[in-house]
Amino acid sequence: MPTTQRSAIFIDGANLYATTKALGFDIDYKKLLKEFQSRENLLRAFYYTALIEDQEYSSIRPLIDWLDYNGYRVVTKPVKEFTDSMGRRKYKGNMDIELAIDALELSTHIDHMILFSGDGDFRSLVEAMQRRGVKVTVISTIQTQPAMISDELRRQADEFVDLASLAGRIGRDPGERPVRAPGEAPSRYRGEGRTNPGLENRYGIRQPEAEE
C-alpha cells in the first residue's frame with residue numbers, strides 16, 4: 001500500500017537515456033509510474049527533454065507524446081544550434097533550469113523528491129530542497145565505468161538508489177519486443193491511428209488495439 005508521503009518524480013530525459021544505454025536496458029515508463037505510485041502518494045511525474053524542432057521526424061517524439069497522455073508532465077524546449085571555434089555544428093539543450101524551477105515551486109507541496117539524473121549541476125538544487133524539508137532520492141548508477149552519477153550529487157542526496165537495482169521492476173522485458181515478419185519494413189510513426197509497433201519496440205510502451 002502506498003504511504004501518505006507526498007512525492008514527485010523529476011526525470012532528466014537525456015541523462016536517464018544515457019544511463020540506461022550504459023547499463024544495457026530500456027525503461028518501461030508505464031512500469032516506472034506504477035512502481036512509484038505503489039510506494040507513496042505520487043503527485044506528479046515530470047519528464048524533461050530538449051527537441052530539435054526543425055527536424056521532419058524525431059525518434060523521441062513518440063515517447064513524449066505517449067508520456068503526455070499517460071500520467072507524465074512533459075517539459076520541452078527547442079535545442080539551440082551553434083558553431084564552435086573549429087567550425088563544427090553543435091547543439092545545446094540543457095533543461096536544468098526548467099527542472100529546478102518546477103521542483104522549487106512544488107517544494108511546499110511534497111515531502112519527497114525523486115530525481116532521475118546523475119548530473120552534478122543538480123547538487124545545489126538538492127541542497128535547496130533539503131533546506132525546505134524535502135527528502136531527496138537520486139536515482140542513477142555507479143555500475144558503469146566511469147560512474148554515471150557525480151560524486152558530489154551522490155553525497156548530497158538523502159538516499160541514492162542504483163538504477164541497475166530497479167531494472168527488474170521498471171525495465172522493459174526483452175521478450176515483449178515485437179517480431180517483424182521477414183522483409184517487413186519498420187514502421188515510421190507519424191501519429192496516425194492508435195497503435196505503434198515502433199513505439200513499443202523502442203520504449204516498451206504498449207498501446208491499445210485500434211477500434212474497428
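Is Y29 buried or exposed in this structure? Y29 is buried, with a relative accessible area of 5%, and the legends below, which describe a predicted model, begin with the core to which this residue belongs.

**View 1. The largest nonpolar core and the elements that build it.** The largest nonpolar core comprises 27 residues, of which I9, Y29, F36, Y72, F116 and L163 touch the most other members. Two or more residues each are given to this core by strand 1 (6-12), helix 2 (29-37), strand 2 (41-51), helix 3 (61-69) and strand 6 (112-116). Apart from it there is a second, separate core of 24 residues, which includes Y48, A103, F122 and M129. In soluble globular proteins, nonpolar side chains tend to be buried together.

**View 2. Strand 6 and its parallel neighbours.** All five of the five residues of strand 6 are buried, so this strand is largely enclosed by the rest of the structure. Its side chains alternate, with H112, I114 and F116 pointing one way and M113 and L115 the other way, and residues on both sides are buried. Strand 1 runs parallel to strand 6 and is joined to it by five bridges, with I9 standing opposite I114. Strand 7 (residues 135-140) also pairs with strand 6 in the parallel sense, again over five bridges; here H112 stands opposite K135, and F116 stands opposite I139. The connection is made through helix 5 (residues 123-131), which together with strand 6 and strand 7 makes a right-handed β-α-β unit.

**View 3. Strand 7 and the crossover to strand 8.** Strand 7 is mostly covered, since five of its six residues are buried. Strand 8 (residues 159-162) pairs with strand 7 in the parallel sense over four bridges, and within this pairing the bridge partner of T137 is E159. Between the two strands the chain passes through helix 6 (residues 151-156), and this β-α-β crossover is right-handed.

**View 4. The ring pair of Y29 and Y72.** The structure holds five aromatic pairs, and this view is centred on one of them, formed by Y29 and Y72. A pair of aromatic rings is described by the distance of the centres and the angle of the planes. The ring centres of Y29 and Y72 are 6.1 Å apart and the ring planes stand at 80°, so the pair is edge-to-face. Because Y29 lies in helix 2 and Y72 in the loop between helix 3 and strand 3 (73-78), the pair ties together parts that are 43 residues apart in sequence. Like Y29, which has a relative accessible area of 5%, Y72 is buried, with a relative accessible area of 3%.

**View 5. A cluster of rings around F46 and Y48.** Ring pairs link F10, F46 and Y48 into a cluster. Within it, the rings of F46 and Y48 have their centres 6.0 Å apart and their planes at 25°, so this pair is stacked. F46 is buried, with a relative accessible area of 9%, and Y48 also counts as buried, at 1% relative accessibility.

**View 6. A charged side chain over a ring, and the end of helix 3.** R39 lies over the face of F36, at 4.8 Å from the ring centre; F36 is also one of the residues that touch the most other members of the largest nonpolar core. In helix 3, the buried residues include P62, L63, I64, W66 and L67. Helix 3 is followed by G71, whose phi is positive, near 100°.

**View 7. The two sides of helix 1.** The buried residues of helix 1 (residues 13-23) are G13, N15, L16, T19 and T20. Seen down the helix axis, these buried residues fall within an arc of 160°, so they line one face of helix 1. On the other side of this helix, A14, Y17 and K21 are exposed. A18, which also lies in helix 1, counts as partly exposed, at 32% relative accessibility. A18 and S117 are 99 residues apart in sequence, while their C-alpha atoms are 9.9 Å apart in space.

Notes:
Residues are numbered from 1 along each chain as its sequence is written. This is a predicted model: local features need pLDDT of at least 70, side-chain atom pairs count only at pLDDT 80 or more; totals for chains, interfaces and linings use all residues. Side-chain values use heavy atoms; hydrogens and water are left out. A nonpolar core is a set of buried Ala, Val, Leu, Ile, Met, Phe, Trp, Tyr and Cys residues joined through side-chain atoms within 4.5 Å. Buried means under 20% relative accessible area, exposed over 50%, partly exposed in between (1.4 Å probe, protein chains only). Two strands pair if DSSP finds at least two bridges between them. A crossover is right-handed if, with the strands pointing away from the viewer, the path from the first strand over the helix to the second runs clockwise. Rings of Phe, Tyr and Trp (its six-membered ring) pair if their centres lie within 6.5 Å; planes under 30 degrees apart count as stacked, over 60 as edge-to-face and the rest as tilted. A charge sits over a ring if NZ of Lys or CZ of Arg is within 6 Å of the ring centre and within 35 degrees of the ring normal. The arc is that of the directions from the helix axis to the C-beta atoms.
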